[in-house]
Amino acid sequence: MILGLAKSVVKLNSSKGVRGVNYSGRRKGRAKAARGEFSRAGGRIPLLKPWLVKPEALVGDLRKVWASGRLSLGEYTGKLEDRARELFGVKEVVAIQSCTSGLILTMKALGIGKKVVVPDYTFPATSHAAIWLGAEVVFCDVDLSDYTISPEALAGINDPEVEAVLAVNIFGLPPKVDEIAGICAEKGWKLIFDSAQGIGGEYRGRSIGGNGAAEVFSMSPSKLVTSAEGGMVTTNDTALASELRELRNYGKGRGEAMEGVGLSARLSELCAVLAWRNLGHLKELLAKRERLEKKYRKALAGIKGVAFQEWGPERKSGRNYFVVRITEEAGKSRDQAVSELWEQGIECRRYFYPAVHEIPAYRGKYAADCPNAVVLSSQAMALPFYSTMTAKEQDLVIERFEGVMTGR
Ligand SMILES: Cc1ncc(COP(=O)(O)O)c(C=O)c1O
């Protein structure tokens, strides 16, 4: 059921497995014993769990959908878009079937198709979207402290064919919006934010959603707010939003005429019901994640070779994931730590792994000079982090993580 990240995990592990560890990350042969041992301690701790309103809360809405006979582009798509508009403080929200399709359609609507800059440390859907449009991808390095796209590296890209930058929210943290926007303005590049992981993030005291030409969010199962599968494009550009409304519906204009070449990328009304209800709980979900993260940081801060994603007061993270780095100072590698934690019933992941230019689909096709992305992809790991996580579960993760890292 941990579909969003699980999707990526299969890809991650299928590219180059941790030695002796199968797709699920468990050490072969010993997994059964480890499961048995752990079940005595109360079951495995999952990496993620989707947060969902109680099914009873949906019944009345679903009855309305049934009665209306409209299963897409109906009342609940509208309600979701209205609620998100208010939360993000933006003029336009276009619900969409996924963040990936939203990125593809946004770039298509903006006439982008030649060359796009993407960070080398992200989930590969970012660059896949550009490639689907037939564009070439230029990989840009990231900062080691906050893991987001590096303004210095971006400013150093001098390529007359580049048309746009996809700046990515990493684990919920917005990139350095103003610095990146300044560079893009100077170079004449369009700026789009892949905010798949970013719901709830803030920049300089304002919710993200209104930055760049558009921001594109995911509501897949691994996200803070989920619609089962789905996404949203947010923008202050009304003309762009109208075009996106056509493009998500094959390219159909107001009548039946096919004004554009779009995708079939509408959000179903069933998903819209779930997203609308879940989004109503954003504040409490953010507060819970903040508490969980504070506790992790406090507990793990003293462990040698463990480093955190760091950012200043001008940004707030939506805290979609909790990711630590296992640096050279640690007594063991990140991959070793991941294997040992799995053996002890704690689900964790190398994340993101590998650097995007090294995924099997791209290997050998793209040159990239992104040393920080390579370091991060060899050191970063996601620990269990979900909105329903109990104190007991988190204590167990902390205890086992400490044990693995300190050899106790
Ligand atoms: C950074 C990033 N971009 C894009 C995506 C793709 O989102 P979706 O599954 O909604 O297409 C993800 C999914 O996890 C992501 O993490």
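User: I'm looking at helix α11. Which exposed residues sit on the face turned away from its buried side?

Analyst: Bear in mind that this is a predicted model. On that outward face of α11 you'll find Lys283, Glu284, Ala287, Lys294 and Lys298, which are exposed. The helix itself covers residues 282–300, so to speak 19 residues in a row, and reaches 27 Å from its first C-alpha to its last, close to the 27 Å expected at 1.5 Å a residue.

User: And which residues of α11 are buried?

Analyst: Those are Leu285, Leu286, Arg289, Leu292 and Tyr296. Look down the axis of α11 and these buried residues fall within an arc of 130°, so they line one face of the helix.

User: What covers the buried residues of α11?

Analyst: The cover includes two strands, β12 (322–326) and β14 (380–383), along with helix α14 (391–406).

User: Let me zoom out for a second. How many helices and strands does the protein have?

Analyst: There are 14 helices and 14 strands. As for burial, 50% of the 408 residues count as buried. Contacts give you another overall view: among those with a separation of 6 or more, 71% join residues 24 or more positions apart.

User: Now for pairs of helices. How do I read the crossing of α4 and α10, and at what angle do they cross?

Analyst: Start with the axes and the angle. Helix α4 (residues 75–88) and helix α10 (residues 269–279) have axes that come within 8 Å and cross at roughly 30°. Angles under 35 degrees count as roughly parallel, and that makes α4 roughly parallel to α10. The handedness of this crossing is left-handed.

User: Which residues make that contact?

Analyst: From α4 it's Tyr76, Thr77, Lys79, Leu80, Arg83, Ala84 and Leu87. From α10 it's Glu269, Ala272, Val273, Ala275, Trp276 and Leu279.

User: You mentioned α14 earlier. At what angle does α12 cross α14?

Analyst: The axes of α12 and α14 cross at roughly 135° and come within 10 Å. The two helices are therefore oblique to each other. Here the crossing is right-handed. On the α12 side the contact is made by Ala337, Glu340 and Leu341, and on the α14 side by Arg400, Phe401, Val404 and Met405.

User: What do the buried residues of α13 pack against?

Analyst: They pack against β12, α12 and β14. The buried residues in question are Ala373, Leu376, Ser377 and Gln379, in helix α13 (residues 371–379).

User: Let's try a loop residue. Where is Glu329, and is it buried or exposed?

Analyst: Glu329 is in the loop between β12 and α12 (334–343). To judge burial, count the C-beta atoms around a residue: 12 or fewer within 10 Å means exposed. Glu329 has 9 others within 10 Å, so it is exposed.

User: Which residues does Glu329 touch, leaving out those up to four places away in sequence?

Analyst: Glu329 touches Lys304 and Gly305. You can also check its distance to Val306: the two are 23 residues apart in sequence and 8.2 Å apart in space, C-alpha to C-alpha.

User: What about backbone geometry? Which peptide bonds are cis in the loop between β13 and α13?

Analyst: As a general idea, most residues other than glycine have a negative phi, and most peptide bonds are trans. In this model, the bond from Tyr351 to Phe352 is cis, with omega near -5°. Another cis bond runs from Tyr353 to Pro354, with omega near -15°. Phe352 lies in the loop between β13 (349–350) and α13, and Pro354 is in the loop between β13 and α13 as well.

User: And phi? What is it at Phe171 and at Ala228?

Analyst: Phe171 has a phi near 60°, a positive value in a residue other than glycine. Phe171 is in the loop between β4 (164–168) and α8 (177–187), and is buried, with 24 other C-beta atoms within 10 Å. Ala228 isn't a glycine either, yet its phi is positive at about 80°. You'll find Ala228 in the loop between β8 (214–218) and β9 (231–235). With 17 other C-beta atoms within 10 Å, Ala228 is partly exposed.

Methods:
Residues numbered from 1 in each chain as written. Predicted model: local features only at pLDDT ≥ 70, side-chain atom pairs only at ≥ 80, totals over all residues. Helix = DSSP H or I, 4+ residues; strand = E, 2+ residues; numbered from the N terminus. Buried ≥ 20, exposed ≤ 12 C-beta atoms within 10 Å, placed from the backbone. Arc of directions from axis to C-beta. Contact = placed C-beta atoms within 7 Å. Axes fitted to C-alpha atoms, helices over the stretch in contact; angles between N-to-C directions. Parallel < 35°, antiparallel > 145°, perpendicular 65-115°, else oblique. Left-handed = near helix turned anticlockwise from the far one by under 90°.
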